[in-house]
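I opened the notebook for this one and went through the coordinates step by step. Here is what I looked up, in the order I looked it up.

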Amino acid sequence: MAELIQILVSGLAAGSIYALAAVGFTLLWQASQTINFAQGEFVMLPAFFVLVGVHFLGLPLWPAIFFGLLLSLLILGVAFKRLIVEPMLPHGTLPLVIATIALGLLLKESVKEFYGATAQPFPAIFPQTVYNVMGASVSLQDICNLAVSMLAIGGLQLFLSRTRTGRCMQASAQNPAVAEILGVNVKRMVLYTFLINAALATIASVLISPIYLAKFSNGETLGLVAFIAAIVGGFNQIRGALVGGLLIGVIDNLSAVYISAEYRAAMPLLLLIAIILLRPQGLLGTKEGRSV
Amino acid sequence: MFKTLCSTAAVALALSATSALAEVKIGSIVELSGAGAAAGTNFRDGVHMAFEEINAAGGILGEQVSITEYDSQTDPQVSRAMVQKAIDDGVYAITGTVFSSSTIVNMLVAQQAGIPQFTGSEAPKITQMNNPYIFRTAFGSQKGIPKMTKYMAEEMGIKKVAVVWANTEFGKGGHSAFVDEVGNHGIEIIADIPTEQAQTDFSADVLKAKNSGADAVFVYLTEEESARFLREAQKQSIGLPMIGETTLIGAKVIELAGDAANGAMGHVGLTADADIPAMTDMVARFTAQFKYTPDHNAIKGYTAAYAIKCVTEKNGKVDSQALADAMHGLKLTVAECPGVLMDVSWDETGEMSRESFFVEVQDGKQTIKAVLPPN
Amino acid sequence: MKHLKLLLLSLAIGALVVAPIGQGNYIIYTLCSWLLFSISAMGLNLTLGYAGQVSLAQAGFMGIGAYITALMTLAGIHWIVAAGVSISTCFAVGLLLGYPALRVQHHFLAFVTLAFNTLLFLVLRNEEEITGGSFGLVGMPRPSFFGISTNSNLAFYYFSLACFLTAVAVMWWILRSPWGRSFKALRENPIRAESLGLKIRRQTLLAFAIGSAFGGLAGAMQAPLVQFIEPGSFALVHSLKILLMVVVGGSGYFYGPMLGAAVVILLPEVLRFTEGYYLIIYSALVIVLMVFSPNGLIGAGQKIWTKFRPKHEERRDMQKGFQL
């Protein structure tokens, strides 16, 4: 029993961070049909912005995180949209997919070249006090990570459904042409989506790096997991990405303990294939296609 | 027609090889990108620092050393091409590669061309392939692990052990050496836990080791995964001694894992914290020059460069075949070659022997518990 | 115009024949890699450029081919048989994988192949009784034909060139056949093509399976070239690398994959002077290329060509000639 609780708690903590990356992934897909193969690198990079702030600019941790957020918004949000996505949208999906693959490589190699090939320790934001809950070790860090991710995703959901801007964003995603006619500034709404994705990536990065360490190649695994979580949950639903992320986190741990450590990485992939064959719209996805 | 073509190519190659020996050319083929970038960069920088020092002191036999760099991209196929290229460029000796999967392939090319190669790989297989041109810069895991298991059984009284290992060629090498050895000392493996390359979430693995009922955990992971494992182990208060190789208790792991590394122990072939003035001094200069703390790979590269220098000067000529011949059965002492940092010897297969240490991490520092004699 | 084309073609083949003569082993080895990756990229180009489906498992298919060939030749079976088995297995796996994935429209083939490639890596690594696990398989013999061994690098180059030319001829024939021409119809106007009686799904599925079979041939050549294979050489990143080759060269152009493979394999060499920065420069160049010319280098070349050409010229012929 204690073992199972331990697995569930650890799985949920890891899964909540996968969910953050996966949500950004679905947002970009809905707003601009961008399959972002650099999503993993988007989560890897902000940690290094923060480290630059701490080690080179001498900032305390929180201002450094703010500095990292600003840089992420600028580079992963505005510049990514303006310089790469926007000029390529008329060309269709494929060149953009290729460009994001190349972008992932570019970010990874740049970090390696300019910051170093080895992993870096990253300061923890939350205390690492460990509690014993029915025989399972649960750290305050895990609980806070879970809470912050849930708040971020919940807040986003509220923003999209309750505010005017949020609903305009939904309209732009569902039917850009009609939204434009109704006076929605579609371009601006798409920009907001990119900014939200950059912000989510920063949150994920700051939460995950104290545990997983900051390393240039971290994006490889993270990107794949986010990708799987997004498809499993439903490519057109934020809630889907959340459920997908948590599910992958738990399944990964369950299969490592109870099925086969050698094939633990296979379980999420088998789930992915099963979902595509049996329920291509994803667990929580709806058939009609795009909606935020 | 093929024969004529081949012989033309061979003549052209031979010509370029002889004309190239105006200076001493060293080919450095390491992992500068891909999964092995961290290890490869360390090794490369070690080689560079040593040859810069050698050049500043007048070179080898009065000739300056030039290093040509090749990036193997941690890809065996590319590494093979790069060794081929280095040989086409007429190098005197080769340093690298570090990853065993690459070395296993590219050493065949160096063998065909008769160029001595100083590898950073520790997989047992490398010196078992009857290749007279391959030389280790750190002894293989089949030599290190027996030293350690003996210590575990005799000094620590361990009977049951859980093994956590990286499911890569690196981890597999250590794992099989360990599995082969424990039987000789009456140690039983009661949990066998493979992990993925670049795995981030170790909670399931720690949980399995913790609940296995073992007396100790043997950890054979690369540095960063070791650090993640140690942190998770601390979180779940595993309460078991954790024993490993250099990759569990190296300086990088201690930096990354923080106080979670305290109490971890293991066997190290080379350590920056050994009580050897030459080593401490080298580490200080390295840190000043490259702005990071070197690991054992950097020391491997550094000593490889000095071994090349000393043996070449012993031979009195820059000749690849003579270098390879002289290396076999050679003992190099610090007295005659200070750059090798510790007394070292190579046997007929290119395997090396050296003293090594059993250390424990205390207060973020490696503390030497025992010096293990060469075997 | 026919004569011009024949002339250019024979010039190109002539150049390929003399290219390795007098070169060092490294250059010959690199040329062999280029031929092999060209074949693989050509296969992917059929899936991607002609049938419009993204496959992220081309390296996986090369892996299937390489492992089958390695195991069979190590058991003493001749390479030609092993290669045949490799190619047919890849074709069959392609059908099995593509059939369910293409039932659902859109990018699902991309997702399924992505999962497949990673699963294949795990199987190759874990089933070490058969595949040698992470240590891989070493020492595959190079084939010999009619008593002529391909052990020397130069001989192996001509062997690879023969395979390459065969693959090119087969691809050419496929694309010129009525069946191949229907791809063009599909690409230009799928709805019209379907109303004319074309079965889109069957066409796409076959294209994917044939493309995969080309990957199998490339793998069958890789085993004896490198004489070492390990699961890591066929991981997802390598599939992405082959995808980049196709798109950088120009997907949908017959000569695109060959150009792309040359760029991806030779660029590290050209950018050597930049030391560690070449991957940064390379990836930045790819992004710039995609922004300005989504049709790859050949597309960019055509754009520039037509810009400098007076409009009344017979442009079509020039374009075809340029593609050579």
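**Helix pairs in chain A**

I began with handedness: α1(A) and α5(A) cross in a left-handed way. I call a crossing left-handed if the near helix is turned anticlockwise from the far one by less than a right angle, and right-handed if clockwise. Helices (H or I, at least four residues) and strands (E, at least two) are DSSP runs, numbered from the N terminus.

Before going on, I noted the ground rules. This is a predicted model, where local features need pLDDT of at least 70, side-chain atom pairs count only at pLDDT 80 or more, and totals for chains, interfaces and linings use all residues. Residues are numbered from 1 along each chain as its sequence is written, while chains are lettered from A and ligands numbered from 1 in the order in which they are written.

Two packed helices are described by the angle between their axes and the distance between the axes. For α1 (residues 2–32) and α5 (residues 140–162) of chain A, I found a crossing of roughly 30 degrees, with the axes coming within 9 Å. The axes are lines fitted to C-alpha atoms, for helices over the stretch in contact, and angles run from 0 to 180 degrees between N-to-C directions.

Next I listed who meets whom, counting two residues as in contact if their C-beta atoms, placed from the backbone, lie within 7 Å. From α1(A) I noted A:Val9, A:Leu12, A:Ala13, A:Ser16, A:Ile17, A:Ala19, A:Leu20 and A:Val23. Facing them in α5(A) are A:Asp142, A:Asn145, A:Leu146, A:Ser149, A:Met150, A:Ala152 and A:Ile153. This contact sorts into 11 nonpolar, 3 polar and 1 charged residues. For the classes, Ala, Val, Leu, Ile, Met, Phe, Trp, Tyr, Cys and Pro count as nonpolar, Asp, Glu, Lys and Arg as charged, and the others, Gly among them, as polar.

Then I turned to α3 (residues 61–88) and α4 (residues 93–115) of chain A, whose axes lie 9 Å apart at an angle of about 160 degrees. So α3(A) is roughly antiparallel to α4(A), a label for angles over 145 degrees (under 35 is roughly parallel, 65 to 115 roughly perpendicular, the rest oblique). The crossing of this pair is right-handed. A:Ile84, A:Val85 and A:Met88 of α3(A) touch A:Pro95, A:Leu96, A:Ala99 and A:Leu103 of α4(A). I counted 7 nonpolar residues in that contact, with no polar and no charged ones.

**Chain by chain**

Chain A holds 11 helices and 2 strands. Its radius of gyration is 19 Å, close to the 19 Å from the globule rule for 292 residues, so chain A is as compact as a globular protein of that length. That radius is taken over C-alpha atoms, and the rule is 2.2 Å times the number of residues to the power 0.38. The C-alpha trace of chain A spans about 60 × 50 × 35 Å along its principal axes.

For chain B I noted 13 helices and 15 strands. Its C-alpha atoms fill a box of roughly 65 × 50 × 35 Å along the principal axes.

Chain C has 15 helices and 4 strands. Its C-alpha trace spans about 65 × 50 × 45 Å along the principal axes.

**Inside chain B**

I looked up the domains: domain 1 is 2–139 + 277–342, and domain 2 is 142–268 + 356–372. These bounds come from an automatic or database domain assignment. The domain centres, taken over C-alpha atoms, are 30 Å apart. Between them, 10 residues of domain 1 are in contact with 12 residues of domain 2.

Two backbone spots also went into the notes. The peptide bond from B:Gly96 to B:Thr97 is cis, with omega near -5 degrees, and B:Thr97 lies in the loop between β3 (93–95) and α4 of chain B. B:Ala198 is not a glycine, yet has a positive phi, near 60 degrees; it sits in the loop between β7 (188–195) and α7 (203–210) of chain B.

**Between chains**

What does chain C put against chain A? I found 27 residues of chain C in contact with 28 residues of chain A. On the chain C side, α4 (79–103), α5 (108–126), α11 (236–249) and α13 (278–292) each give two or more residues. That side has 23 nonpolar, 4 polar and no charged residues.

The contact of chain B with chain C takes 24 residues from chain B and 23 residues from chain C. The chain B side has 11 nonpolar, 7 polar and 6 charged residues.
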